[in-house]
Amino acid sequence: MVRSAAVPTLDEEEQAALARSEERLLLAKDAADVGIHDYDIANNTISWDERVRELWGIGPSATVTLDLFMSGLHPDDRAPTQAALDRALDPQGPGKYRAEYRVINRTDGVTRWIAVTGKTTFVDGRPFRLVGTVQDVTAAKIAEAALKTSEERLRLATDVAGLGIWTWHIAEDRITWENSLIYEVFGLSRTDEPVNSGRFWSEVIHQEDAARLRRALADTLETGARFYFLGRIRRADGRLRWVELTGLMHREREGVGDASDGMIGTASDVTDRIVAEETIGQAAAAAARAEGALRESQGRLQFALKAGRMGTWDRDLATNHLVCSDTCKANYGRGPDDSFTYDDFAASVLEEDRAEWRRVTDEACARAANCELEYRTRWPDGSIHWLHVRACSTTDASGKTVALSGISLMIDEHKRAEERRRLLDALGEATPRPASDPASIMVATTRLLGEYLRATRCAYADVDADGTRFTIRHDWTAAGVASTAGVHALDRFGPRVGAKMRAGEMLVVRDVDRELRSSCEGDVFSELGVGAFICCPLVKEGQLVAMMAVHNATARDWAPAEIALVEEVVERSWAHIERIRAAEDLREQDRRKDEFLATLAHELRNPLAPIRTGLDVLKLTPTGPGAERARAMMDRQLGHMVRLVDDLLDVSRISRGKFELKRQRVQLRAVLDHAVEASRPLIEAARHALTIHAPERAVWLDGDLTRLAQVVSNLLNNSAKYTVDGGHIELSAALEDCQVVIRVADDGMGISAEMLPEVFDLFAQVNRTIARAQGGLGIGLSLVRKLVEMHGGKVEAESGGIGQGSTFTIRLPIMGVDAAHPESEGGGHPRPDRPRLLRKRVLVVDDNVDGAELLATMLDLAGHETRVAYDGPEGLAAARAFTPEVVFLDIGLPGIDGHEVARQLRADPRLAGVVLVALTGWGSEEDKRRTTAAGFDFHLTKPVASAAVEEVLANLPSGSAAHAEGGPPTSPWTRT
């Protein structure tokens, strides 16, 4: 192309100015290492200096025209360059020329990128001359392309690892988010504003984890160590998620001191992960120069790849030349200096996965698409490992795939976690909680665990109570392997095995011949065909109760994950078994509870029936011998009911730790006398012969007289109930080895061998016929054992079986023995004669109308003046109007309870001397403390015998308005 134009002329001054300008231009181009071009528009010639001619490969003598210039350009760049030139020569335009194009050197054929600038000189409104600079920018263009590739690899790496990238500009306390994945971590869309520092600390980070995060940041800022934090955040949608944050310090500006002033890091959502994957990433600040940006980007990429254990590779499809990073080689079991060709790479893919690997890669090449797959690779040492690989294709101008580039990531831990989860899920499906029993659980567990580990045998064993023998109930075995089911002596397997199992420590042996043969422990394992094994014990309350073992026929290097899996499976199975057994125990307790309630109903009906009959007799015959017999019978049956209820309350208080013994120096003779006195009516009613043998000397015990007598009495009552009428009962006591041994023996129905271990359990009942249903709630003997143990003693039961009678033996520590037998101590002083009763004013307040009126009637017959009220307010009004000397006051009153009534009575000056007696069904020590605090003088527990009421009235405290002549007598009652 040739341009023609009228040639403008320059005067001398203009030519001088132009010369000076050219001189400055030459100086500038030498300083900037650029070439000069000068386009003479009129003559259509271009002047190039030596530097420009070298770029084009044109000699110094050749004439350069515009057509020659255009022919040297890359075809794709000619049109854009011509357009830029036209704009520079347009008188209506800016008069400036700027373009970038590729030049194909005529000498060496190398393509170079050129950046050209220029300015047009116009004379008389027409372009006269275009002068400018030419610079080789090939290196910058290559750096720019490399930067783009590097950024693509960084994006690919972070996408594979699932990493969001963030940058913390510390000086400004500003955080920028570098990719879309971090928005997903925090539950935001890319159009949302990133979470700033203020929102992060106040709304996002879980407050329980905030302190740990601050400490981790402070440690990194102080020491420069790698930042790591695992904690909870609240996403934008309100859900709590676990995130893993990592980061490294870096200098954001080159040459600004030595200290780091920024942090680059990654964020990943690890809520649903079982095996934590180490992930990192960093984001880059924009670089002013292309070379600096490239170095920073490459540094980030290498950091991300190294931290994520990701290797990079490039494959030239034409030559199959393979270039791998050191991490990539390591993922295939090679060292940094080992040769690793494409053929080595292809051969390492496991045979079972090779067809799928070829199909995916061939399809990616054919379609010029990205690909992703997982496969197994065999290392030179024979081990097999899982890899996750992603690749992207590179195409030429025609669209043909010429290369593949990508990353490889080791995912062994992830795959093991998946397999482990599948195994545990299979175990859960094979042992559903509602339907399984311990045997079926172990059958499923041993099979699934053995098959998963590709072991030879998997066995479960129960250990005997003495810890010397174990029984393998079932074992899973591989095909052709003998079972080990049966009974084995634990010590036969050697002292090391026995010690580890009894201590509750897992034992892992990788080579029986090498580790156990020297101590002769390996012989038994060789007999069983075991070359390596893992054995897990179950120890409860210091006792070895069960074991589970996995056997391998040959030596085996058990992996840590395999050992951990065995331990977890065993713990899960045993926990499941414990739940089943606990459920069975609950069912058994529920059954015994139902039986107990049925028996309790029967026991309560037994005395209630004759009491009701006695009432009918008294209606028909109020006086006479028949009435006396009825009253005596009713008194006995009522006493039986009271003892029954008292036993139930005692067991309850002991079980809740609310029971206290009133210890004192007690004589054995007093204990036996009180017990016989309490049990004699039942023994005589059945016409039993009672024989008593006791030491002549005084034997002293440290105990509660009432409770010790209750223990012996319960045993005597038990013998009386379960011995055929007219039987024999023997009560004996003797000294043996600083202990007193008390025995109660009978020739009654006896106890079966299977019931003996349970006879003292709560609610346990010895089998008996309906004809001998004398009682047997299963609480009397349980109470005996609890009371004896509270006294530091022990009780045992013996029997030859059904029909062979029974013997109960109590062993108690003694305080000492006297040569002479004293009259009495510990049994209480002789009770004083009952004092003469004076007429008293008595108020009875009870919402049980029948009970209140009967008590008032009894007091009226005894000569007292009485009034009755049936609730709290009525009781207060009656007390103020009647001014009683004594008030029998129920606690559980409607309206105002007895405690409040007592407090109000105590606050009334007119009733200052009144004696308050709590009459209630609540009789624990805590109940008595509460009545004392409310102002009561006495605490009587229902049902109350008339003698107890008379004794309260006869022994009023000093200062009472009425008492026997000569002052109040000494009272056996204690004010509560």
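The chat below covers salt bridges, one helix and one surface patch in a predicted model.

Visitor: What kind of model is this?
Guide: It is a predicted model, where local features need pLDDT of at least 70, side-chain atom pairs count only at pLDDT 80 or more, and totals for chains, interfaces and linings use all residues. Residues are numbered from 1 along each chain as its sequence is written, and side-chain values use heavy atoms, leaving out hydrogens and water.

Visitor: OK, how many salt bridges does the structure hold?
Guide: The structure holds 39. A salt bridge here is a side-chain nitrogen of Lys or Arg within 4 Å of a carboxyl oxygen of Asp or Glu.

Visitor: Which residue does Asp908 meet in a salt bridge?
Guide: Its partner is Arg880, at 3.4 Å from N to O. Asp908 sits in the loop between helix 25 (898–906) and strand 34 (915–920), and Arg880 in helix 24 (residues 872–882), so the pair ties together parts that are 28 residues apart in sequence. Helices (H or I, at least four residues) and strands (E, at least two) are DSSP runs, numbered from the N terminus.

Visitor: Is Asp908 buried or exposed?
Guide: Asp908 counts as buried, at 11% relative accessibility. Arg880 is partly exposed at 35%. Buried means under 20% relative accessible area, exposed over 50%, and partly exposed in between (1.4 Å probe, protein chains only).

Visitor: Which residues do shared salt-bridge partners join into one network?
Guide: Glu208, Asp209, Arg212 and Arg232.

Visitor: Switching to helix 15, which residues are buried there?
Guide: In helix 15 (residues 495–502), Val497, Gly498 and Met501 are buried. They are on the same side of the helix, because they cover an arc of only 95° around the axis. The arc is that of the directions from the helix axis to the C-beta atoms.

Visitor: And what follows helix 15?
Guide: Gly504 follows, and its phi is positive, near 75°.

Visitor: What does Lys500 pair with?
Guide: Lys500 forms a salt bridge with Glu505, with the closest N and O atoms 3.2 Å apart. Lys500 is partly exposed, at 26% relative accessible area, and Glu505 is partly exposed at 38%.

Visitor: Which residues form the nonpolar patch on the surface?
Guide: Tyr228, Leu230 and Trp242, with about 270 Å² of accessible area together. Patches are made of residues with over 30% relative accessible area and no salt bridge, joining like charges within 9 Å and nonpolar side chains (Val, Leu, Ile, Met, Phe, Trp, Tyr) within 5 Å. Accessible areas come from the Shrake-Rupley method with a 1.4 Å probe; for residues, only the protein chains shown count as cover.

Visitor: Where does Trp242 lie?
Guide: Trp242 lies in strand 10 (residues 240–250), and is partly exposed at 36% relative accessible area.
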